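Hi everyone, thanks for coming. Today I'd like to walk you through a structure that may be new to you, so let's put it up on the screen.

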Amino acid sequence: MRKTASAEKEDEPMIVVNALGEQCPIPVVKATRALREMTEPGTLEILVDNETAVQNLLRMAAGNHLTAVTEKRGEKEFAVRMEVTAPVGDAPIEEPEMACTVPAAGDFVVAVDTDAMGRGSEELGKTLMKGFLFAVSQLPVPPKTMLFYNGGAKLTTEGSASLEDLKKLEEQGVEILTCGTCLNYYGLTERLAVGSVTNMYSIVEKLAGAGKVVKP
């Protein structure tokens, strides 16, 4: 009896490479070695603990025409899965152009004083703010500091829809500071989930020393 496509998929082996705690370029080196050792179609899964490794592995997959997906399993655990349809063997493997260092922070500060962007619909404003913070997390050169005060303090606390993007920025070296007075006013002091608490004096210092201030 001929196997269905789904049955064939289930029978394909999965090779797991544990590169947690490994520094660049080791995750890519381990993935390349495992890829060469695969003798039949299957899935290659690499476990890493930082976004830089994820991006390098995705470049490796794209360079070798492999379908790849990522899954975030924890605050510092990612799985990158590559679908290998044919053994590579001794064929040349495309080496990705790796970025082993965090991009240098730009000389600008992002100041956020509300959890909703623009005037008009509050619901639309919150959607726009989520999109704005995601866009900041995708910049090739991230900001040096991000300041959150007044209603913006809600964005760095538990339950915020932007926490994942802000944590990614923090991993890239961005300083994330939230006004302590504002957290206290909204009853959120114990719910800060990313970055650290600051005061108005420090906020003024950061704004005054910035090459440029971006405010949504």
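Before anything else, a word on naming: helices and strands here are DSSP runs, at least four residues for a helix and at least two for a strand, and they are numbered from the N terminus. With that in hand, take Asn-150, which sits in the loop between strand E6 (145–148) and H5. Please keep in mind that this is a predicted model.

Okay, the overall picture. The protein chain has seven helices and nine strands. Of its 216 residues, 38% are buried. And if you take the contacts with a separation of 6 or more, 72% of them come from residues 24 or more positions apart.

Now back to that loop. What is the phi of Asn-150? About 50 degrees, so a positive value, although Asn-150 is not a glycine. Here's the background: most residues other than glycine have a negative phi, and most peptide bonds are trans. Asn-150 counts as partly exposed because its relative accessibility is 45%, and the exposed class begins over 50%.

His-65 also has a positive phi, near 60 degrees, and again this is a residue other than glycine. You'll find His-65 in the loop between H3 and strand E3 (67–74). Its relative accessibility is 76%, so His-65 counts as exposed.

What about the peptide bonds? The one from Cys-24 to Pro-25 is cis, with omega near 10 degrees. Pro-25 belongs to the loop between strand E1 (14–18) and H2.

Hang on to those two residues, please, as they come up again in the next part, on empty space. Rolling a probe the size of a water molecule over the atoms shows where empty space is left. How many cavities of 30 Å³ or more does the structure hold? One. The volume of this largest cavity is about 50 Å³. Cys-24 and Pro-25 are both in its lining, along with Glu-22, Gln-23, Pro-27, Val-28, Asn-50, Ala-53 and Asn-56. Two elements give two or more residues to that lining, namely helix H2 (26–37) and helix H3 (51–63). Sorted by class, the lining has five nonpolar residues, three polar ones and one charged one.

Next, aromatics. A pair of aromatic rings is described by the distance of the centres and the angle of the planes. Searching the whole structure turns up one aromatic pair. Tyr-185 and Tyr-186 make that pair, with 5.1 Å centre to centre and 90 degrees between the planes, which is edge-to-face. Are these two tyrosines buried or exposed? Tyr-185 has 66% relative accessibility, so it counts as exposed. Tyr-186 has 29%, so it counts as partly exposed.

While we're on rings, have a look at Phe-108: Lys-212 lies over its face, at 6.0 Å from the ring centre.

Last stop, Asp-165, in helix H5 (residues 163–171). Buried or exposed? Asp-165 counts as buried, because its relative accessibility is 10% and the limit for buried is under 20%. And what is Asp-165 in contact with, once we leave aside the neighbours within four places in sequence? Lys-130, Leu-133, Phe-134 and Ser-137. Ser-137 is 28 residues away from Asp-165 along the chain, yet their C-alpha atoms are separated by 6.0 Å.

That's my tour, thanks for listening.

Notes
Residues numbered from 1 in each chain as written. Predicted model: local features only at pLDDT ≥ 70, side-chain atom pairs only at ≥ 80, totals over all residues. Heavy atoms only, no water. 1 Å grid on protein atoms, 1.4 Å probe; cavity = no way out; pocket = protein on both sides within 12 Å on 5 of 7 lines; lining within 4 Å. Points joined across faces, edges and corners; volume = space filled by probe spheres on them. Nonpolar A, V, L, I, M, F, W, Y, C, P; charged D, E, K, R; others polar. Phe/Tyr/Trp six-rings, centres within 6.5 Å; stacked < 30°, edge-to-face > 60°. Buried < 20%, exposed > 50% of the residue type's maximum accessible area, 1.4 Å probe, protein only. Lys NZ or Arg CZ within 6 Å of the ring centre and 35° of its normal. Contact = heavy atoms within 4.5 Å.
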